[in-house]
Amino acid sequence: MNEVTDPTPPVAGWRGVVADAHLALAFLTRLPLPDTGAYVPGALARSMRLFPLAGAVIGLIGGAVFVVGHTLLPPLLAALLALLATLMVTGALHEDGLADTADGLGARGGREKRLEVMRDSRSGAYGVAALVFSVALRATALAAAPTALAGLGAMIAAAALSRAIVPAIMQILPPARADGLGAGAGLPHAGIAATALVLGSVIAAIATGLGAAPAIVAALVGAGLIAWLARRCFGGFTGDILGAAQQLAEIAIFIALAGYWS
């Protein structure tokens with residue numbers, strides 16, 4: 001397990017919850033949120049306990065687009081528009097990580113070469129292919145929703161649960177770089193990772209009912225796969241790998257829900 005890097009004590013009570021929720025939304029989205037002042041070292045690591053809540057907000061926005069689109073358009077087109085809405089809300093934060101990770105995995109050479117390729121902001125063939133398949137798989141699975149409300153629940157569950165695994169990845173893997181995300185954001189302790197997983201699971205259960213069970217299993221399998229690849233090929237996690245983990249978990253969740261609906 002990684003040790004927590006948390007040089008400042010958390011704010012207690014509801015003020016702390018509100019502060020963590022604000023920071024989680026500010027980090028994961030481009031929503032126009034009020035500025036609360038200077039950044040506090042270690043605060044981002046603590047706010048990860050509420051990453052699933054921020055994910056639920058993202059999913060709710062995309063799900064609302066799906067519900068409206070589902071009444072007017074074919075299901076696949078409604079699903080594509082819903083995913084486009086989430087891309088706009090997040091600034092394609094995790095998709096960028098997926099593309100960079102795919103390019104790193106496809107690079108010839110050792111660990112340092114792969115990490116160097118991941119730093120390149122340009123997407124190569126592997127990165128572009130990963131993005132195409134990510135959108136295609138998620139949209140096709142979402143389009144299989146039997147009702148508009150089922151699609152709304154799937155969007156909320158997938159967005160929340162896939163972000164719940166981020167602090168868990170940071171617990172089981174070391175940072176791949178000394179100057180990476182762990183050094184700048186701090187490392188969440190096991191309690192934060194557990195809280196995020198429980199919160200994500202509860203949100204998924206509320207949003208999808210019995211469909212939450214296969215969704216949770218799928219998310220854990222997807223996270224386990226990216227963790228194994230990250231350890232084997234990069235020696236640990238980077239911000240890009242965390243983004244790829246979210247994407248792979250979200251894809252797995254949508255596919256699991258599509259299977260549950262069929």
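## Overall fold

The protein contains 13 helices and zero strands, and this description, like everything that follows, refers to a predicted model. Read from one end of the sequence to the other, the pattern is therefore α-α-α-α-α-α-α-α-α-α-α-α-α. Along its principal axes, the C-alpha trace spans about 50 × 50 × 30 Å. The radius of gyration is 18 Å, which agrees with the value near 18 Å that a compact globule of 262 residues would have.

Buried residues account for 49% of the 262 residues in the protein. Of the contacts with a separation of 6 or more, 81% are between residues that stand 24 or more positions apart. The protein exposes about 11800 Å² in total, and carbon and sulfur atoms supply 70% of that area.

## Salt bridges and a buried network

The structure holds five salt bridges, and several of the residues that take part in them can be followed here by name. The side chains of Arg138 and Glu95 meet in one such bridge, with an N to O distance of 3.3 Å. Arg138 lies in helix α7 (residues 125-143) and Glu95 in helix α5 (residues 93-106), so this pair ties together parts of the chain that are 43 residues apart in sequence. Arg138 has a relative accessibility of 2% and therefore counts as buried, and Glu95, at 8% relative accessibility, counts as buried because the cut-off for that class is under 20%.

Another salt bridge joins Arg163 to Glu250, the closest N and O atoms being 3.8 Å apart. This pair links distant parts of the chain, with Arg163 in helix α8 (residues 148-164) and Glu250 in helix α13 (residues 239-261), 87 residues apart. Both Arg163 and Glu250 are buried. Salt bridges that share partners join Glu95, Arg138, Arg163 and Glu250 into one network.

## A link between helix α1 and the loop before α3

The side chains of Arg49 and Asp20 also meet in a salt bridge, at 2.6 Å from N to O. Arg49 belongs to the loop between α2 (43-47) and α3, whereas Asp20 belongs to helix α1 (residues 13-28), and the pair links these distant parts of the chain across 29 residues. The partners of this bridge fall into separate accessibility classes: Arg49 is partly exposed, with a relative accessible area of 26%, while Asp20 is buried, with a relative accessible area of 9%.

## The aromatic pair

A search of the whole structure finds one aromatic pair. The pair consists of Phe27 and Phe51, whose rings are stacked, with 6.2 Å from centre to centre and 15° between the planes. Phe27 is in helix α1 and Phe51 in helix α3, so that the pair, like the bridge between Arg49 and Asp20, links distant parts of the chain, here 24 residues apart. Phe51 is buried, with a relative accessible area of 2%, whereas Phe27 is partly exposed at 36%, because this value lies between the limits of under 20% for buried and over 50% for exposed.

## A nonpolar surface patch on α3 and α4

On the surface, Val68, Leu72, Leu73, Leu76, Leu77, Leu80, Leu81, Leu84 and Met88 form a nonpolar patch, and together these residues have about 810 Å² of accessible area. The elements that give two or more residues to this patch are α3 (51-72) and α4 (75-90), and α4 gives the most, with six residues.

Leu77, one of the residues of the patch, is found in helix α4. The relative accessible area of Leu77 is 38%, and this residue is therefore classed as partly exposed. A value of 38% also satisfies the patch criterion, because patches are made of residues with over 30% relative accessible area.

## The loop between α4 and α5

Ala92 lies in the loop between α4 and α5. The phi angle of Ala92 is near 55°, which is a positive value in a residue other than glycine. Ala92 is partly exposed, with a relative accessible area of 25%. On one side of this loop stands α4, which gives six residues to the nonpolar patch, and on the other stands α5, the helix that holds Glu95 of the salt-bridge network.

Technical notes: Residues numbered from 1 in each chain as written. Predicted model: local features only at pLDDT ≥ 70, side-chain atom pairs only at ≥ 80, totals over all residues. Heavy atoms only, no water. Patch = residues over 30% accessible without salt bridge, like charges linked within 9 Å, V, L, I, M, F, W, Y side chains within 5 Å. Areas by Shrake-Rupley, 256 points an atom, 1.4 Å probe, with all protein chains shown as cover. Salt bridge = Lys/Arg side-chain N within 4 Å of Asp/Glu carboxyl O. Helix = DSSP H or I, 4+ residues; strand = E, 2+ residues; numbered from the N terminus. Buried < 20%, exposed > 50% of the residue type's maximum accessible area, 1.4 Å probe, protein only. Phe/Tyr/Trp six-rings, centres within 6.5 Å; stacked < 30°, edge-to-face > 60°. Rg over C-alpha atoms; globule rule 2.2 N^0.38 Å. Contact = heavy atoms within 4.5 Å.
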